[in-house]
Amino acid sequence: MATRNIAVIVGSLRKESFTRKVAHSLIEQAPPGLQMEIVELRDLPMYNEDDEGAHAPAAWIAFRDRIRQADAVLFCTPEYNRSVPGVLKNAIDVGSRPYGKAAWSGKPCAVISVSPGALGGFGANHHLRQSLPFLDMPCMPAPEAYVGGIAGKIKDGALADDATRAFLKTFVDAFAAWVERHAS
Ligand SMILES: Cc1cc2nc3c(=O)[nH]c(=O)nc-3n(C[C@H](O)[C@H](O)[C@H](O)COP(=O)(O)O)c2cc1C
């Protein structure tokens, strides 16, 4: 089986981000055919259509190129006010333009949401899913992944809950199969 290059997008800039720790657990548990790497959002300027063209920020160009190189995308999102954090929405917007040249187009993807709350970021997860058909991204329908109560599942800076780790393994294996199904 060919190696598939996966761009992992983490919608948090926080140093001790729970979402990033979950992303790390997914990366650690990925099957051999998936090469998963976090694409950093920290230096991505806010999208402004006035800045497109010859003077577009270098960070936008680099981000779009990085997404284009990926075979698939894994979105890992926290929940801010029952939606996705602005940093993640900005990344989606940057990658979606110039019009007709979206870097995301045709890439299979999956969404996982993470929260200290009981709902596991359900609102963010589904707000994010709303953008995906418009971006022409086939999104893995199941298993759905809402990781709640995350604060109690971290020990010594890493995910330490066996049931959650086992679920993440199921999720990342299903994602590998989804990517393979959509491989061009
Ligand atoms: C502006 C803001 C809005 C938030 N809104 C929600 C929310 O709607 N639902 C929720 O479960 N948690 C909410 N939280 C709490 C986050 O889930 C929590 O800060 C979490 O640690 C963020 O993810 P991270 O650890 O990956 O940075 C909010 C936090 C912030 C800073």
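**Exercise 1. Determine which residues are around the ligand in this predicted model, and how they divide by class.**

Solution. In this predicted model, the ligand is surrounded by Ser12, Arg14, Ser17, Phe18, Thr19, Pro78, Glu79, Tyr80, Asn81, Arg82, Ser115 and Pro116. The criterion for inclusion is a heavy atom within 4 Å of the ligand. Sorted by class, this shell comprises four nonpolar, five polar and three charged residues.

**Exercise 2. Identify polar backbone atoms that lie within 3.5 Å of an N or O atom of the ligand.**

Solution. Begin with the oxygen atoms of the ligand. A polar backbone atom of Phe18 lies 2.9 Å from a ligand oxygen, and a polar backbone atom of Arg82 lies 2.8 Å from a ligand oxygen. Next, consider nitrogen: a ligand nitrogen is 2.8 Å from a polar backbone atom of Asn81. Finally, turn to burial. The ligand taken alone exposes 620 Å², of which the protein buries 69%.

**Exercise 3. Describe the surroundings of Tyr47.**

Solution. First, locate the residue: Tyr47 belongs to the loop between β2 (34–38) and α2 (58–69). Second, list its contacts. Leaving aside residues up to four places away in sequence, Tyr47 touches Glu52, Trp60, Arg64, Asn90, Asp93, Val94 and Arg97. Third, examine two of these partners. With Glu52, Tyr47 forms a side-chain to side-chain polar contact of 2.8 Å. Arg97 is 50 residues from Tyr47 along the chain, and their C-alpha atoms are 9.4 Å apart.

**Exercise 4. State the confidence of the model, for the chain and by element.**

Solution. The mean pLDDT of the protein chain is 97, and 99% of the residues score at least 70. Among the elements, strand β3 (residues 72–77) has the highest mean, 99, and strand β7 (residues 158–159) the lowest, 94.

Notes:
Residues numbered from 1 in each chain as written. Predicted model: local features only at pLDDT ≥ 70, side-chain atom pairs only at ≥ 80, totals over all residues. Heavy atoms only, no water. pLDDT = per-residue confidence, 0-100. Helix = DSSP H or I, 4+ residues; strand = E, 2+ residues; numbered from the N terminus. Contact = heavy atoms within 4.5 Å. Polar contact = N/O pair within 3.5 Å; in protein donor to acceptor, adjacent residues only side chain to side chain. Areas by Shrake-Rupley, 256 points an atom, 1.4 Å probe, with all protein chains shown as cover. Nonpolar A, V, L, I, M, F, W, Y, C, P; charged D, E, K, R; others polar.
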